[in-house]
Amino acid sequence: MTIERIIEGRHDIVTCPASATVREAAGLLAERRIGAMPVMDGNAIAGIFSERDVLYRLREFGAELLDKPVREVMTAPAVTVAPTTSAMTALAMMTKRRIRHLPVVEGGCMIGFVSIGDIVKYRIDKVEGEAAALRDYIQMA
């Protein structure tokens, strides 16, 4: 099971430019009801902006945070995976680094964005499918 299988068929990746203000980026997170998004510097991934970045920096900067550029508060550099990375390897990487999102990069271009929830859901679906197949096999024997 690879990351490529998990992101198969997805095309809409919400991103923001590194020059966007925290106010704009936080508004986009709220509007799209997502917890994080890749931050782009041109075509390159500059980092990840998440709800946690807002919370951690709010204590440091107060309300001034909202007018700062995302590049000053994002988590960087972004940890990325290839589409050929196994789901279990990605899950272990996320757990070890205590992160919840990974941009999927191929040939220097981002082709997807996967969350720990996506991987867990895919894994549960696969295990449930295998259990159903075993039950069917046993009942037919």
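Let's start with helix H2 (residues 22–32), where Val-22, Ala-25 and Leu-29 are buried. They span an arc of only 70° around the axis, so they sit on the same side of H2. Keep in mind that this is a predicted model.

What lies over those buried residues of H2? The cover includes strands E1, E2 and E3, plus helix H3 (51–61). Flip to the face of H2 turned away from the buried side and you find the exposed residues Glu-24, Ala-30 and Glu-31. After H2 comes Arg-33, which has a positive phi, near 55°.

Now for the strands. Five of the six residues of E2 (residues 36–41) are buried, so this strand is largely enclosed by the rest of the structure. E2 pairs with E1 (residues 16–17) and is also joined by bridges to E3 (residues 44–50). Here is how the two pairings look:

| Strands | Sense | Bridges | Facing residues |
|---|---|---|---|
| E1 and E2 | parallel | two | Pro-17 and Met-40 |
| E2 and E3 | antiparallel | six | Asp-41 and Ala-44 |

In words, Pro-17 stands opposite Met-40 of E2, while Asp-41 has Ala-44 of E3 as its bridge partner.

How many residues separate E2 and E3 in their hairpin? Two residues lie between them. One residue in that turn, Gly-42, has a positive phi of about 70°.

As a general reminder for looking at the strands, side chains in a regular strand alternate between the two faces of the sheet.

Methods
Residues numbered from 1 in each chain as written. Predicted model: local features only at pLDDT ≥ 70, side-chain atom pairs only at ≥ 80, totals over all residues. Heavy atoms only, no water. Buried < 20%, exposed > 50% of the residue type's maximum accessible area, 1.4 Å probe, protein only. Helix = DSSP H or I, 4+ residues; strand = E, 2+ residues; numbered from the N terminus. Pairing = 2+ DSSP bridges. Arc of directions from axis to C-beta. Contact = heavy atoms within 4.5 Å.
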